[in-house]
Amino acid sequence: MVRAALLLILLLAPGLALGQSRVGVRTGDHPTFGRVVFDFPRETGFLLEEEEGRVVIRFAEAAEFDLGARRLPRNARGIEAAGDSATIALAPGARARAFRLGPRVVVDLLDGTEPPPAQAEARPSPRPEPRAAAPRPAPAPATTARAAPAPAPTPQSSAPALALPSPPVAAPPLAEPAAVQQAAPVAPAPPRATPLRLQDGALVIPVAAETGAALLRRGDTWMVVLDEPLTLDPVGLRDTRLAHAELAAGPRATVLRIPAEAIARPRLRRERAAWLLDDAPEDAALRAIQPEIERGPPPRLLLRAARAAETVVVLDPETGGALLVGTMRDGNEATPRGRRAATFDILPTRLGAAILPRADTVALRALPMGFVASPGPGAALGLGADPAPDDAQHLSRLFDLPAEALPALLQRERNAGLDVAGAPPLGRGLARIRHAEALLALGLGAEAQAMATLALREDPRLAEEPRAQALQAAAALVAGRLAEAEALLNPRLPDSDEAALWRGLLLAARNDAERGAPGIAAGLPILRAWPEPLRARLAPLAAEALAEANETAAARRLVAGQDENPAFALARARLLDSSGDSAALDAYEAIARGRDRRARAIAMRRAAEMKLAAGTLDAAGAAGAMEAVLAAWRGDALESAARLRLAELRRQAGDPRGALDALRDTERLFPDLAATLRPLQGDALLAALSAEPPLSAVALFEANRNLLPNGGRTAEVLAALAERFAALDLPDRARSLLGQALARAEAPEARAAIGLRLAALALEGGDPGAARAALADTDAPGLPDALRAARALADARALARMGAAEQAVTRFREAGPEAAPELAEFLASRQDWAPAAAVLRAHLDTLAPGPLSDAARRLVARSAALLALAGDETGLAALRESHADRMAGTPEAETFDLLTAGRAGGVADLPRLRQQLELARLLPQRLETLRTAPAAAR
């Protein structure tokens, strides 16, 4: 049923002809597969069916197949084709895959477990046969030797390919270097290893006269490629700067890999029967190998070089795929800067030429005039723009995003789509990844994300591959779906310059320019080398982040030449703002009138800040402008930052309650910021408690008490609020707030002060026991003298109220001189006139000379009264002698004179005696007025 439906779909495909066409059939062998190609004149549908020992291809139209005298691929036992189908008999273990390449239907017969038959190698350039003295060894499994037992540093990956199987290329790649030396297969007569050595700082590689070489850098590794399968011994490199060099030998080439930090500016030169690798002098110049397009047909790319030697295929340490390398016999011809073509990359080299193929049809051949690169039948040939001089060729990449013209990008996307359609259902994951990269290069973020999502869903290997996840996240970033771009922050993502650039762009999109700008600035050459559609989507964001983080030099490089591009308007305004140009305000206001919502919100905020700084707008006006920003943009860090700024401006405007409301709304909308917002909310609440009326402040406190932090400031605010309630004659509410303040106070001194105030309120409420308990609970050693004396006085008052006279007197005395008036009153209340007068008289002796204050005069008069009650005429006389002049002319002078006058001695003293009798009658009332602290004495 399914098969019939598929055939029906193929028959209904567009573009099918009714008449039979003549179709040529071509065959060929490749290192890991055989190939059969059906050359249809136009696109046609097909269906691949695998059966036991054979594969059947059913086409959407019948055709006349020209089998001819074709040589069968090594893993095919026969080919039959007639009508609308073709049958290929397979060798044991072989598997088949099919895809469409333009109008052609290509069937690859993959090798099975049986080894393929040996085939003769054909080298592309005319070269003499190997010397008889040094016969070429037979192809053998590659071996790896290391110069030191310590592991070599892993080169930093800068490849745009995933760590998955790469497509086959024109020749077998070399083996990957192993971490330790591998045991070679036993051979009858193994060739003797040629030692490597350092001579005068140069690495000497002994080779034959016709052995060519190339030198290039891949990631953090310099590669020396020799077009001979040599057996080299690195023992002479131990304990040198090249100790971590690695050797890999294959059937046609030898590769020496050297960490980039071991040699900064290498030069490879011929000297007699050896290649010498050393540091190039500063004035050393290389002759550039320039690419020239020959339109054909067929089209090809000529890399003109005078001393071209051979072309070999080696393993690329970045992509894990094949690398086509053209070697030189001698000279200094190199490719200084890389270029991009539709199906391959021309890599920068220090000697020779190198091609990174992106299709298995790419070939590189050596000719007398240089090297010729062919894209393959039917493939377009076009070079991308020459890279800018400041482009960092050695920055490590993450994705394959070539800087090609739009037609080439579109062709690449179409070819990638065809590859997906031609791949078997369970093998489309990698093809979809390449298709997603092609869509991303066109700036189609949503489409690229959808394609990458399908790849991760269908292929379990890709679902665990950090680069594939990062590709999906990068596409989500381009599509504006920031919540789905988290994989760019995955710590498992291979560290590369392009990965840092994508992370910086994600942080910038989240309005975290401070953290994102360093990665953007470091990867700026990569961004400028991206294809134009992708660069146009992300360059404005990068420029804004760089300008916001004061990376003005990098921002100006991006903005240069974009004066008329409205996408860069915000970046241009930010650069004007950072330079102090007043024209920035006009630029912001112009953007605020535009249609870009995000740019409008940023411009409105920046304009309000500029006006606030200039004084043309106060804090309240700026807060109103910030509320307009919230109306213009919602939902990300830009909104949360605006809300935080709104709260700050409201506090500056004297509206702490409004600031608290703004912060609480921010926490509700952005719960992940709760830890950051809580301290700000506590500060705003404390300010509101100080500014609000008492009853409103208490209600605010009860509703938000969990926001108040522990510490001295909270205790101070609550204590001040308690004083306001005490002033309103609400002692119970005041004591409750003081209890809250005491629970949050941490410093011993603050706790002692709050305990003193609680004791005072308890005494005012007639509860001396509670007063003493408050003092005891808050006692601590090392308190300041003034605070200690005040607490002793409060304790003495409580003891006096409780009737503990002896203890009270002791505590009064411990309170110091300031407690003397109260001690005197307490003694007077017990009618201990003489002790009371003595205490007060001693206190008067401590008064400073000169005029007396109102309180001091009252104390002098009180002392006279106590001395009179005690009948101490000597004391009265002494008091009159010491203070009569200072009391003269004061309201208390009359009382003082009467109390300190001597005894009546005759008729002349009768008027004075009459005054004393009158004073005696009024003495209780006057004594009451002279009491300094009646409440404490009772």
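How are H7 and H10 oriented to each other, roughly parallel or roughly perpendicular? I opened the notebook with this pair, keeping in mind that the model is predicted. I looked up the axes of helix H7, residues 497-509, and helix H10, residues 532-548, and found that they come within 9 Å and cross at roughly 75°. Angles of 65 to 115 degrees count as roughly perpendicular, and H7 and H10 are therefore roughly perpendicular to each other. On the H7 side I listed Trp502, Leu505, Ala508 and Ala509 as the residues that make the contact, and on the H10 side Leu538, Leu541, Ala542 and Ala545. Sorting the residues of this contact between H7 and H10 by class gave me 8 nonpolar, no polar and no charged.

**Entry: the chain overall**

I then noted the totals, which for the protein chain are 32 helices and 32 strands. Of its 938 residues, 48% are buried. I also looked at contacts between residues at least 6 apart in sequence, and 61% of these join residues at least 24 apart.

**Entry: a sheet of 5 strands**

Next I followed an open sheet of 5 strands, whose order is S5-S1-S2-S9-S8 and whose pairing is mixed. Which strands stand at the edges? I found S5 and strand S8 (95-101) there, each with a single partner strand, so one side of each is left without a neighbour in the sheet. From one strand to the next the twist averages 25°.

Within this sheet I looked at two pairings of S1. Strand S1, residues 21-29, runs parallel to strand S5, residues 63-66, and 4 bridges join them; I noted that Arg22 stands opposite Glu64 in S5. With strand S2, residues 33-39, S1 pairs in the antiparallel sense, over 6 bridges. Here I picked out Thr27, whose bridge partner in S2 is Val36. A hairpin connects S1 to S2, and I recorded 3 residues in the connection.

**Entry: salt bridges**

How many salt bridges does the count come to? I recorded 37 salt bridges, and looked at some of them one by one.

I began with Glu61 and Arg42, whose side chains meet in a salt bridge at 3.6 Å, N to O. Glu61 lies in the loop between strand S4 (54-59) and S5, while Arg42 lies in the loop between S2 and strand S3 (46-51), so the pair ties together parts that are 19 residues apart in sequence. I checked whether each partner is buried: Glu61 has 5% relative accessibility and counts as buried, whereas Arg42, at 26%, counts as partly exposed.

I then turned to Glu486 and Arg510, whose side chains meet in a salt bridge at 2.2 Å, N to O. This pair links distant parts of the chain, since I found Glu486 in the loop between helix H6 (466-478) and H7, and Arg510 in the loop between H7 and helix H8 (513-522), 24 residues apart. Both loops adjoin H7 in that description, the helix with which I opened these notes. Glu486 counts as partly exposed at 43% relative accessibility, and Arg510 counts as partly exposed at 24%.

For Lys611 and Glu589 I noted a salt bridge between the side chains at 3.3 Å, N to O. Lys611 is in helix H14, residues 597-614, and Glu589 is in helix H13, residues 583-592, and the pair, 22 residues apart, links distant parts of the chain. I looked up the accessibility of both: Lys611 is partly exposed, with a relative accessible area of 29%, and Glu589 is partly exposed, with 27%. I also recorded a network, in which salt bridges that share partners join Arg267, Arg269, Glu271, Arg272 and Asp278.

**Entry: Pro566**

Last I looked up Pro566, and asked myself where Pro566 lies. I found Pro566 in the loop between helix H11 (552-559) and helix H12 (569-578). Is Pro566 buried or exposed? Exposed means over 50% relative accessible area, and at 68% relative accessibility Pro566 counts as exposed. I closed the entry with a distance along the fold, noting that Pro566 and Asp596 are 30 residues apart along the chain and that their C-alpha atoms are separated by 9.9 Å.

Note on methods: Residues numbered from 1 in each chain as written. Predicted model: local features only at pLDDT ≥ 70, side-chain atom pairs only at ≥ 80, totals over all residues. Heavy atoms only, no water. Axes fitted to C-alpha atoms, helices over the stretch in contact; angles between N-to-C directions. Helix = DSSP H or I, 4+ residues; strand = E, 2+ residues; numbered from the N terminus. Parallel < 35°, antiparallel > 145°, perpendicular 65-115°, else oblique. Contact = heavy atoms within 4.5 Å. Nonpolar A, V, L, I, M, F, W, Y, C, P; charged D, E, K, R; others polar. Pairing = 2+ DSSP bridges. Salt bridge = Lys/Arg side-chain N within 4 Å of Asp/Glu carboxyl O. Buried < 20%, exposed > 50% of the residue type's maximum accessible area, 1.4 Å probe, protein only.
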